[in-house]
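Visitor: Could you walk me through the sheets in this one, and then the surface?
Guide: Gladly; let us put the model up and begin.

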Amino acid sequence: MKYEKEVSRRRTFAIISHPDAGKTTLTEKLLLFGGAIQTAGAVKSNKIKKHATSDFMEIERQRGISVATSVMTFEYKDCLINLLDTPGHKDFAEDTYRTLTAVDSVILVVDSVNGVEDQTRRLMEVCRMRDTPVIVFVNKMDRDGKNRFDLLEEIEKELKLSLHPMTWPINSGKDFKGVYNIHTKNLVLFSAHTKADDTENVLEISDINSPILETKIGERDANLLREDVELIEAVNGDLNVEEYLQGKIAPVFFGSAVNNFGVREMLETFVNIAPRPQSRQTSTREVKVGEDKFSGFIFKIHANLDPKHRDRIGFMRVCSGKFERNKYYHHVRLDKDIRFSNPYSFLARSKDIIEDAYPGDVVGLFDTGNFKIGDTLTEGENFYFTGIPTFSPEIFKELVNKDPMKTKQLEKGIAQLTDEGVAQLFTQFGGNKKIIGCVGELQFEVIQYRLLQEYGAACEFRTLPFYKACWLTSKDEQKLNDFLRFKQQNSAEDKDGNPVYLAQSEWFLNTEITNNPEITFHFTSEVHK
Ligand code: G4P
């Protein structure tokens with residue numbers, strides 16, 4: 001393989017969590033380990049403020065900044081690590097889901113006090129669709145959390161994941177004494193605010209029955225730890241890395257991100273076992289990561305903050321070969337060759353123009369309107385990457401034009417915004433009603449604001465009673481057409497003309513699925529079919 005050295009050292013991943021579980025804090029600690037930032041607080045200050053008075057104005061302000069934190073690249077040991085940000089909080093959007101199609105693995109942060117929460121559940125569903133390998137970090141062990149066995153059971157059940165503890169905590173909250181590293185047989189004693197290079201609290205224990213344990217953590221906790229570890233080892237045995245890579249088993253670490261405790265143990269394991277960039281399926285064949293020729297796809301588009309300049313940044317994941325600045329590449333959907341004179345990498349400190357990039361890397365490409373989510377670039381071959389689906393929105397509203405003189409601007413604006421992937425556009429079957437679907441409520445405000453600011457088009461939204469969009473296919477075209485006609489109120493076309501059923505509730509949806517066995521209801525749509 002021509003670029004073996006570069007490919008094998010890359011690890012591209014995302015951290016997912018429910019808001020407030022500690023994702024930003026963990027990100028920061030990882031960047032400190034990697035030397036990408038020097039001081040704590042550097043990432044945090046970029047985070048969208050939780051208590052901002054007007055959330056979406058805050059998002060507007062932060063849009064520029066969040067580009068910089070979209071991809072954070074740092075080195076640890078011999079690995080080059082690309083950490084892709086998944087926006088959380090109220091700016092949670094389809095972007096968040098789609099970023100997961102551009103990574104090779106994820107770290108899931110669970111708050112030991114609150115356990116599994118809704119957003120985590122939805123993100124994990126996306127990971128499961130692609131069998132993405134997962135490492136779990138149970139955070140906030142310095143707080144009185146749930147019983148650790150109960151918590152693991154909850155995670156297993158809720159997220160349909162098999163867990164494999166790699167470390168084991170000794171108590172939690174005020175009594176938290178540290179973790180025992182089951183695999184390296186180390187006891188790591190807890191002290192608040194552990195420094196990045198702190199190793200003095202690591203105690204090698206070749207035998208867990210050694211009396212040293214009693215002197216360090218006391219008799220009661222030593223006995224409890226021995227019992228726990230015996231039980232876990234009996235159930236789990238050694239970590240089967242192959243099963244982790246297949247997304248069947250998730251190693252678990254316990255720690256406290258804010259105290260930088262337990263983070264190193266996880267990072268060490270991560271660089272050892274996390275998958276390097278993988279081969280990917282396309283519409284015609286599997287593209288091997290080691291192929292000489294370049295290929296990549298756009299998974300996210302970011303609009304410019306300045307409304308006078310409509311240029312955007314396309315985020316491209318390199319899948320094979322070597323991407324080079326100023327070289328012509330084939331834009332498959334548009335069937336034209338384009339080159340990029342200012343591609344840039346997203347180093348945590350600054351945006352740097354890059355000369356080349358390798359599989360696993362994410363490159364920022366300036367775009368004047370050529371890109372749609374899912375677009376593929378190649379060295380000439382015609383294929384597109386599959387597995388970059390559109391997910392069903394969760395909130396649906398009718399788009400109402402408030403200024404008939406600006407109809408054209410509104411249509412252009414909504415077309416461009418939906419190309420960016422901020423929302424989905426459906427047109428009601430047999431009518432002209434435009435329906436906008438988003439994952440988060442806030443997106444509607446952002447769209448309304450941007451349509452007015454950037455396109456001069458005033459609009460408002462009328463709430464619709466739908467809860468899910470399902471893409472429909474059938475071998476029997478007549479049956480499908482009859483269904484669409486019969487269910488006109490609930491039928492629509494997506495932007496590419498694919499038929500969609502808009503369900504009012506789970507009950508309605510299940511009823512239609514049962515009553516129409518010839519029609520298949522899909523919960524996601526591939527961007528290209
Ligand atoms: P997020 O990105 O997942 O939303 O979470 P974030 O890192 O911002 O963490 C949310 C809150 O939890 C922060 O407190 C953070 O300091 C705290 N936190 C993170 N890790 C730990 C931990 O291991 N133990 C404890 N006890 N707290 C933790 P905050 O008060 O909201 O913000 P700040 O004022 O501390 O910045």
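**Sheets and a surface patch**

Guide: In this predicted model, one open sheet has 4 strands in the order β7-β8-β9-β10, and the pairing is antiparallel.

Visitor: Which strands stand at the edges, each with a single partner strand?
Guide: Those are β7 (167-170) and β10 (202-204), so each has one side left without a neighbour in the sheet. From one strand to the next, the twist averages 20°.

Visitor: And how many bridges join β8 to β9?
Guide: There are 4 between β8 (residues 178-181) and β9 (residues 186-189), which run antiparallel, and among the residues involved glycine 178 has leucine 189 in β9 as its bridge partner.

Visitor: Which helix lies across β7, β8 and β9?
Guide: That is α8 (residues 219-236), which runs at about 155° to β7.

Visitor: What is the strand order in the sheet of 7 strands?
Guide: The order is β2-β3-β1-β4-β5-β11-β6, in an open sheet with mixed pairing; β2 (71-76) and β6 (162-165) are its edge strands, each pairing on one side only. Here the twist averages 30° from one strand to the next.

Visitor: How do β4 and β5 pair, parallel or antiparallel?
Guide: Strand β4 (residues 105-111) and strand β5 (residues 134-139) are parallel, with 6 bridges, and aspartate 111 has asparagine 139 in β5 as its bridge partner. Helix α5 (residues 118-129) lies across β1 (10-17), β4 and β5, at about 150° to β1.

Visitor: Switching to the surface, which residues form a nonpolar patch?
Guide: Phe149, Leu231 and Val235 do, with about 280 Å² of accessible area together. Phenylalanine 149 belongs to helix α6 (residues 148-159) and is partly exposed, at a relative accessible area of 31%.

Methods. Residues numbered from 1 in each chain as written. Predicted model: local features only at pLDDT ≥ 70, side-chain atom pairs only at ≥ 80, totals over all residues. Heavy atoms only, no water. Pairing = 2+ DSSP bridges. Helix = DSSP H or I, 4+ residues; strand = E, 2+ residues; numbered from the N terminus. Axes fitted to C-alpha atoms, helices over the stretch in contact; angles between N-to-C directions. Contact = heavy atoms within 4.5 Å. Patch = residues over 30% accessible without salt bridge, like charges linked within 9 Å, V, L, I, M, F, W, Y side chains within 5 Å. Areas by Shrake-Rupley, 256 points an atom, 1.4 Å probe, with all protein chains shown as cover. Salt bridge = Lys/Arg side-chain N within 4 Å of Asp/Glu carboxyl O. Buried < 20%, exposed > 50% of the residue type's maximum accessible area, 1.4 Å probe, protein only.
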